[in-house]
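Dear colleague,

I am passing on the structure we spoke about, and would be glad if you could look it over before reading my notes. The notes come after it.

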Amino acid sequence: KTIALVANSSFSGAVFYMGSPALMKVNCGAGDITETDGFVWVVNKNIADCMVKLTGTANGVYHLVMGNGADDESWKYSEGNISVGDTKNISVNMVDFWYEQMLRETNSLLVSYPTNANLKNIKTAINARNRVNLINSYVLFRKQKLETIITWRMINYLERIINIEVPTPT
């Protein structure tokens with residue numbers, strides 16, 4: 001199966017795909033499910049209900065795609081470095097996931113703008129988990145460069161960070 005096939009199907013549930021040097025296990029509340037050919041399928045669950053555990057089987061970059069069946073808006077991509085024996089826990093409900101996405105996008109922008117002080121400030125703010133400085137540096141970079149493709153994704157990640165760190169009052 002492929003991600004395109006999944007996204008175009010009527011599967012009702014959470015789908016996870018791992019293409020990397022790691023073993024993936026997913027727990028959506030009923031115990032660990034180990035990947036088969038890189039996939040984990042969990043019927044009648046949402047990716048927000050699940051925790052992904054990666055265990056490095058080699059040194060390299062992991063690539064994780066996850067989403068809710070045919071819900072185009074739910075699909076997420078994550079990547080990062082992993083070493084043999086390393087364990088990474090990933091959840092879309094954890095603020096670290098979204099900071100990691102911001103870091104990935106910032107590193108991508110640094111390839112095009114290696115000397116940009118605002119991007120360097122974004123990276124510093126991400127590493128310090130300083131939401132206020134992150135937002136300020138993001139706005140300054142966006143105002144300065146007018147780059148839209150990557151920064152549009154970044155604003156969505158910022159929204160997720162804010163929603164987790166500053167919950168709506170009840």
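What follows is a short account of the two pockets I looked at.

Please bear in mind throughout that this is a predicted model.

The largest pocket holds about 270 Å³ of space, and its lining is made up of 13 residues, with Glu73, Trp75, Lys76, Asn156 and Tyr157 lying nearest the centre. Three elements give two or more residues each to that lining, namely β7 (76-82), α2 (95-112) and α5 (149-165), and among these it is α5 that gives the most, with five residues. Sorted by class, the lining of the largest pocket has six nonpolar residues, five charged residues and two polar ones.

The second largest pocket has a volume of about 190 Å³, and the residues that line it are Tyr62, Glu79, Gly80, Asn81, Lys88, Glu100, Leu103, Arg104 and Asn107. Here β7 and α2 each supply at least two residues of the lining, and the largest share, four residues, comes from α2. By class, the lining of the second largest pocket divides into four charged, three polar and two nonpolar residues.

When you have the model open, you may find it helpful to begin at β7 and α2, since both elements appear in the lining of the largest pocket and both also supply residues to the lining of the second largest pocket.

With best wishes

Technical notes: Residues are numbered from 1 along each chain as its sequence is written. This is a predicted model: local features need pLDDT of at least 70, side-chain atom pairs count only at pLDDT 80 or more; totals for chains, interfaces and linings use all residues. Side-chain values use heavy atoms; hydrogens and water are left out. On a 1 Å grid over the protein atoms alone, a cavity is a set of points where a 1.4 Å probe fits but cannot get out, and a pocket is an open set with protein on both sides within 12 Å along at least five of seven lines; lining residues have an atom within 4 Å of a point. Grid points are joined across faces, edges and corners, and a volume is the space filled by probe spheres set on the points. Ala, Val, Leu, Ile, Met, Phe, Trp, Tyr, Cys and Pro count as nonpolar, Asp, Glu, Lys and Arg as charged, and the others, Gly among them, as polar.
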